[in-house]
Amino acid sequence: MLVNDEFDVSIEAYSNLGKGIAKIDGQVVFVENACTEDLVKIKITDTAKNYANARVIDVIKPSEYRTEPICPLQKVCGSCQLGFIDYNYQLKLKKQFVEDAMKRIGGIDAQINDVIPSPKIKNYRQKIQYPVCQTKNSKRILAGYYKLQSHEIVNIKYCPVQPEICDEIIEFIRKNAPEYGITGYDEKRHIGDLRHIVVRGSEYSGKFLVTLVMNKSLHRFVVPLPLTREALPPHPLSLPLGEGAFAQEIFNNFDEVSGVCLNFNDKKTNVILGDKTICVAGSDYVEEKILDKIFKIGADTFFQINPKSAENIFKYVKNEVLKFDNPTVLDAYAGIATFGIIVSDISKNVVSVEENKSSIEKAKEVLRENNIENVELFAQDTVKYLKSIKRKFDITILDPPRKGCTQEVLEETLKHTSKEIIYVSCNPATLARDLKYLISKGCKVKNIQPFDMFCHTYHVETVAVVSV
Ligand SMILES: C[S@@+](CC[C@H](N)C(=O)[O-])C[C@H]1O[C@@H](n2cnc3c(N)ncnc32)[C@H](O)[C@@H]1O
C-alpha cells in the first residue's frame with residue numbers, strides 16, 4: 001500500500017481518536033471523516049509499519065449514522081471530528097471508547113453506564129483559545145483552530161459550538177488590532193505580537209472575559225490603570241496606541257465583555273498562557289453558577305469548558321458524597337475548588353489542593369463571599385501535600401489533567417483515603433491505567449459513568465467511583 005493509492009472500503013469500526021477504521025489485506029487504515037458502516041473511496045495519505053492513514057475522496061454509500069455536518073468548516077478545521085455523525089450515535093461511540101480503554105489498557109471488564117448527554121450541543125463551549133497569525137502580504141490577522149494535524153490556522157469567522165457573540169468579539173480583534181500597532185504572531189520566526197485570543201464565557205451571567213496573549217514580557221509593557229466603562233475617553237483613538245488602549249477599546253465596544261486582560265508569553269513554546277496576566281479593563285473574572293454556588297473564573301484558572309454538562313458531573317459527584325454521613329473530603333487537582341465548594345455543605349470538612357496559585361486566590365474569594373468555613377485551600381502539588389500530612393480522608397476526589405496521576409499520587413492517595421476515591425477524568429486511557437493500578441492494590445471499581453462534555457469531538461469525560 002503506497003501513498004496516493006486509492007481503494008473502495010467499508011468502515012468497520014471507529015477509533016477513539018475520531019477516525020473510521022477499515023482493513024485492506026489485513027492492514028488497518030484510519031480514515032478521516034468516515035463513519036462506521038460507510039462505503040467510501042479513500043486515498044492513502046501516509047503509511048507506517050502497522051497501519052496507514054487515508055482521507056475520503058468519495059462517499060459511495062453513506063452510513064445511516066451520518067448527518068448534516070455541524071459546520072461548513074467541519075472537514076477543514078480539526079476540532080469537531082465527529083461533527084458529521086448523528087449525536088445519539090456520537091454518545092454510543094464515546095461509551096465504546098471508554099469500554100475499549102478499560103478492557104485494552106486496564107484489563108477491566110466492568111459495566112460502563114450510557115454516556116450522559118450534554119444539555120446543549122450547540123453554543124456550549126465557554127472557553128475559546130484561538131491561535132493567531134498574520135498573512136504574509138496583506139498582513140491581515142487570522143485567528144481560528146488549527147487544520148487537522150497541522151499548525152496551519154483556519155480563520156474561523158463562525159463556530160456553532162461557541163456562543164455567537166464570541167465570533168463578533170474575535171472578528172473585532174482581527175479587524176482592529178492593526179490600528180493599535182498590533183501584529184499577528186509568526187510561530188516559526190517567533191516574531192509578531194498577538195499569539196492567542198482567549199475568551200472565557202459564562203452561561204450564568206452571559207459575560208465574557210477576553211485575554212490577549214502577547215509575545216512580550218511584562219517589564220516591556222507600561223501598565224495602564226484599569227478604567228471603568230464610564231471613565232473611558234469619548235473616542236478610542238485619543239488613547240495612546242498599543243495593547244493597553246486596544247484592550248480598553250474591546251471592553252468599550254461590547255457590553256457582554258466583563259473584562260479584558262493581557263497575558264505575557266515571550267517564550268518559544270506551545271503552552272498558550274505565560275506566567276503574568278494583568279487586567280486592563282473591567283474585572284479579571286467571569287462568574288459562573290454551578291448548582292447553588294457562584295464561582296469566579298479568571299484568565300489563567302481552570303474551569304470546565306461546558307458548564308451545563310459540568311453541572312451534571314458536579315451533581316453526580318455530590319450524590320456520591322451524599323451516600324456518606326458528613327464525610328471528610330480531599331479535593332485534589334482542585335482548580336478553583338469547584339468540587340470542594342460544591343460538596344462543602346454535605347461534608348464535615350474539605351481540603352482542596354491545587355498547584356495554580358491564581359486558582360486558589362479565586363477560590364478564596366468564593367469561600368469568603370459565601371461564608372464557607374469548612375474548606376481549607378492549599379496552593380501546592382498534590383504529592384507534596386499528601387506527603388506532608390498524617391490525616392486520612394473518607395473520600396478523595398481526583399481530577400487530574402489528561403496525563404492522569406503518577407503511581408506516587410495513587411499510592412499516597414490510598415494511604416490517606418479510608419472509604420472511596422472518586423476519579424474524574426478527561427482521558428479514558430490514563431483513567432484505565434490508573435484504575436488498573438488501584439485494582440492491583442485491592443480497590444474495587446463500583447461505577448464508571450461517562451459524560452459528554454465536548455460534543456462533536458472525540459473527547460469524553462468519565463467519573464469512576466472506587467472503593468478502597
Ligand atoms: C482537569 S483540571 C480540574 C480542575 C477542577 N477539579 C475543576 O473541575 O474545575 C486539573 C487541575 O489540576 C491542576 N494540577 C495539575 N497538576 C497538579 C499537581 N501536580 N498538583 C496539584 N494540582 C495540579 C491544574 O492546574 C488544574 O487546575
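This is a short tour of the structure, stop by stop, for you to follow in your viewer. Keep in mind that the model is a predicted one.

**The whole chain**

Start with everything shown as a cartoon. The protein's secondary structure amounts to nine helices and 21 strands. Measure along the principal axes and the C-alpha trace spans about 65 × 60 × 35 Å. The radius of gyration is 24 Å, which agrees with the value near 23 Å that a compact globule of 468 residues would have. Of those 468 residues, 46% count as buried. Among contacts with a separation of 6 or more, 62% are between residues 24 or more positions apart.

**The open sheet**

Next, select strands 7 to 12. These six strands make an open sheet with mixed pairing, and reading across you meet them in the order 8-7-9-10-11-12. At the edges sit strand 8 (141-143) and strand 12 (276-282), each of which pairs on one side only. On average, neighbouring strands here are turned by 25° against each other, direction ignored.

Zoom in on the strand 8 edge. Strand 7 (residues 127-134) runs antiparallel to strand 8, and three bridges join the two. Show Gln134 as sticks: opposite it, in strand 8, stands Ile141.

**Two helices on the sheet**

Now add helix 2 (residues 164-176), which packs on the sheet and touches strands 7, 8, 9 (194-201), 10 and 11 (257-264). The direction of helix 2 makes about 155° with that of strand 9.

Then add helix 3 (residues 243-253), which also packs on the sheet, touching strands 10, 11 and 12. Its direction makes about 160° with that of strand 11.

Stay with helix 3 for a moment. Nine of its eleven residues are buried, so helix 3 is largely enclosed by the rest of the structure. Select Glu243, Gly244, Ala245, Phe246, Ala247, Gln248, Glu249, Ile250 and Phe251 to see the buried ones. What covers them? The cover includes helix 2 along with strands 10, 11 and 12.

**The nonpolar core**

For the next stop, colour Val31, Ile197, Ala247, Val260, Val317 and Ile397. In the largest nonpolar core, which has 125 residues, these six touch the most other members. Strand 10 (residues 208-214) gives the most to this core, contributing six residues.

Finish by centring on Val31. Which residues does Val31 contact, leaving aside neighbours within four places in sequence? They are Ile11, Lys19, Gly20, Ala22, Val40, Ile42, Ala54, Arg55 and Val56.

How values were computed
Residues numbered from 1 in each chain as written. Predicted model: local features only at pLDDT ≥ 70, side-chain atom pairs only at ≥ 80, totals over all residues. Core = buried A, V, L, I, M, F, W, Y, C linked by C-beta atoms within 7 Å. Buried ≥ 20, exposed ≤ 12 C-beta atoms within 10 Å, placed from the backbone. Helix = DSSP H or I, 4+ residues; strand = E, 2+ residues; numbered from the N terminus. Contact = placed C-beta atoms within 7 Å. Pairing = 2+ DSSP bridges. Axes fitted to C-alpha atoms, helices over the stretch in contact; angles between N-to-C directions. Rg over C-alpha atoms; globule rule 2.2 N^0.38 Å.
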